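Good morning, colleagues. Today I should like to walk you through one part of a fold, strand by strand. Please keep the sequence and the structure in view as I speak.

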Amino acid sequence: MAHIVVLLLTALLSSELGGAAVIDLTWSLRKVRATRVNGTTTEKLQLPWKMDCAASGLNRDWCNMFCFDGITCHLTDTILVDPFEEEDDVGTIDCWTSRRRTSPCPVPYEQVPNVGCVNLLEKNYTWSDARSVCQKRGGDLATPVSLHALADYMIGIGVTAEYWVGALISSGWLDGRSINASDFVSFEPDYTGDCVRMKRSYNYLLGDTDCTNPKRGVCEY
Ligand SMILES: [Ca+2]
């Protein structure tokens, strides 16, 4: 099902390409649906070898992913926001994605100022399933000290779904803190459930709801 080959090619690329810039990058091989290869900036090159393709990608600071189908090298600035999602068997292509190591966050997490390393789930889950997915990615549902910083980030990148966070009405944040009243929407909690979500219609402030409702989730590393 999942074609996830978390094969870190840093050492391989470093030895074959020998460039200092390579050391700053970690490339991970994965099967990617062809439609996800089209970024804002793209370039196609006819190259004989995968390593030539890799080198071309490394020489372009906009390149976040290179794909090689045996004939054509596809370079793109696409960032797979959620590369651990399963890809379809149909129409996939071998790609290597990178993250600039200027971020202290491991793939697939993004550094969010005043929050930490954040990864937004792309599918809906129950609260406990969302937590499990976050844990499989090395983190947990988010327990932001500054909810407003996280909310600003989510509004800024234009997400439109609702997201679970790591808090329960009955016991507070998963890290043991109690939930500030100012982090809730004005009429919440109204005790419609024990699980806490960020409400898109209310600037991503918090509300409670039934834990089995399907929502996305905010993971934090
Ligand atoms: Ca509620």
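Let me begin with strand β14. This is a predicted model, and in it 5 of the 5 residues of β14 are buried, so the strand is largely enclosed by the rest of the structure. Which residues lie on each of its faces? On one side are R216, V218 and E220, and on the other are G217 and C219; all of these are buried, and both faces of the strand are thus covered.

I turn now to the partners of β14, which spans residues 216–220. Strand β8, residues 116–120, pairs with β14 in the antiparallel sense, and 3 bridges are found between the two. Within that pairing, L120 is placed opposite V218. Please recall that V218 belongs to the face of β14 that also carries R216 and E220.

Strand β9, residues 140–141, is also antiparallel to β14, and 2 bridges join them. Here D140 stands opposite E220.

The next partner is strand β10. In which sense does β10 run relative to β14? The two strands are parallel and are joined by 2 bridges. In this pairing Y163 has R216 as its bridge partner, while W164 is matched with G217.

That brings us to β10 itself, which covers residues 163–168. Why may we describe it as largely enclosed by the rest of the structure? The reason is that 5 of its 6 residues are buried.

β10 has further partners. Strand β12, residues 195–199, is antiparallel to β10, with 3 bridges between them. Y163 appears again at this point, now opposite M198 of β12. We may therefore place Y163 between two strands in our picture, since its bridge partner in β14 is R216 and M198 stands opposite it in β12, with β10 itself largely enclosed because 5 of its 6 residues are buried.

Finally, strand β11, residues 172–173, pairs with β10 over 2 bridges in the antiparallel sense. L168 of β10 has G172 as its bridge partner there. How many residues lie between β10 and β11 in their hairpin? There are 3.

To close, I would ask you to retain two points. β14 has buried residues on both of its faces, and β10 is joined to β14 in parallel but to β12 in the antiparallel sense. Thank you for your attention.

Technical notes
Residues numbered from 1 in each chain as written. Predicted model: local features only at pLDDT ≥ 70, side-chain atom pairs only at ≥ 80, totals over all residues. Buried ≥ 20, exposed ≤ 12 C-beta atoms within 10 Å, placed from the backbone. Helix = DSSP H or I, 4+ residues; strand = E, 2+ residues; numbered from the N terminus. Pairing = 2+ DSSP bridges.
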